[in-house]
Amino acid sequence: PTPTPPPNTRAMAIPPTITTAPANKAVNVGKTAAFSVTATDTAPVQYQWRKNGANISGATNSSYTTPATVAADNGSLFSVVVSNGGGSVTSNNATLTVRIPPTITTQPANKTVSAGHTAKFSVTATGTTPLHYQWMKNGVSITGATGSSYTTPPTTAADNGALFAVIVSNVAGSVTSNNAILTVQ
């Protein structure tokens with residue numbers, strides 16, 4: 001009789017299971033974002049990170065740190081494929097939010113009005129929304145002046161030469177406009 005071969009004593013490789021998926025990240029433009037994954041596995045295990053479904057060259061560890069972010073990275077999706085001899089599993093996508101500080105694209109302009117009339121100052125800014133505005137007169141915040149434009153009360157001769165500026169802010173930072181001069185005739 002032919003001897004029966006010994007039973008296979010090598011354990012079957014079990015596919016990995018992701019226990020902690022990569023989390024969404026929000027960073028200011030120019031900063032890096034770090035993603036990580038935790039998986040239960042039968043060694044050896046391999047990792048391959050992806051950005052928007054495409055493999056990232058050299059990103060083969062349990063964590064991945066992006067290069068310095070640019071505005072175009074906003075909304076990118078990061079995932080990781082974890083594999084071993086038993087199979088592979090792909091994580092859920094983690095979304096990268098890149099926050100852009102405000103930039104003033106149109107500064108407030110100087111205004112000339114007759115006494116008793118109002119003057120309207122406005123600013124145009126870009127950046128991650130929502131943008132917040134705080135107008136100032138001669139460096140002092142104006143209560144309730146929190147829109148992208150500000151209209152003065154009826155002016156008096158005492159307002160001649162007043163300086164108006166606005167601070168534009170968001171989650172990524174703030175910027176102060178140039179001063180606009182009010183001339184009251």
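**Exercise 1.** How many aromatic pairs does the structure hold? Describe the pair formed by Phe121 and Phe164.

*Solution.* The model is predicted.
Step 1. There are 6 aromatic pairs in the structure.
Step 2. A pair of aromatic rings is described by the distance of the centres and the angle of the planes.
Step 3. For Phe121 and Phe164 the centres are 4.6 Å apart and the planes make an angle of 20°. Planes under 30 degrees apart count as stacked, and this pair is accordingly classed as stacked.
Step 4. Phe121 belongs to strand 13 (residues 120-122) and Phe164 to strand 18, so the pair ties together parts that are 43 residues apart in sequence.

**Exercise 2.** Determine whether Phe121 and Phe164 are buried or exposed, and place them in the nonpolar core.

*Solution.*
Step 1. Buried means under 20% relative accessible area. Phe121 has 0% and is therefore buried; Phe164, at 2%, is buried as well.
Step 2. Both residues are among those with the most contacts inside the largest nonpolar core, which has 19 residues. Strand 15 (132-137), strand 18 (163-170) and strand 20 (180-184) each supply at least two residues of this core.
Step 3. Beyond four places in sequence, Phe164 touches residues including Phe121, Met136, Ile142, Tyr150 and Leu182.
Step 4. A second, separate core of 16 residues includes Tyr64 and Phe78. These two form one aromatic cluster with Phe35 and Trp49.

**Exercise 3.** Characterise the surroundings of Ser83.

*Solution.*
Step 1. Ser83 is located in strand 8 (residues 77-84).
Step 2. Its relative accessibility is 17%, so Ser83 counts as buried.
Step 3. Apart from neighbours within four places in sequence, Ser83 contacts Pro16, Pro44, Val45, Gln46 and Ser88.

Terms used
Residues numbered from 1 in each chain as written. Predicted model: local features only at pLDDT ≥ 70, side-chain atom pairs only at ≥ 80, totals over all residues. Heavy atoms only, no water. Core = buried A, V, L, I, M, F, W, Y, C linked by side-chain atoms within 4.5 Å. Buried < 20%, exposed > 50% of the residue type's maximum accessible area, 1.4 Å probe, protein only. Helix = DSSP H or I, 4+ residues; strand = E, 2+ residues; numbered from the N terminus. Contact = heavy atoms within 4.5 Å. Phe/Tyr/Trp six-rings, centres within 6.5 Å; stacked < 30°, edge-to-face > 60°.
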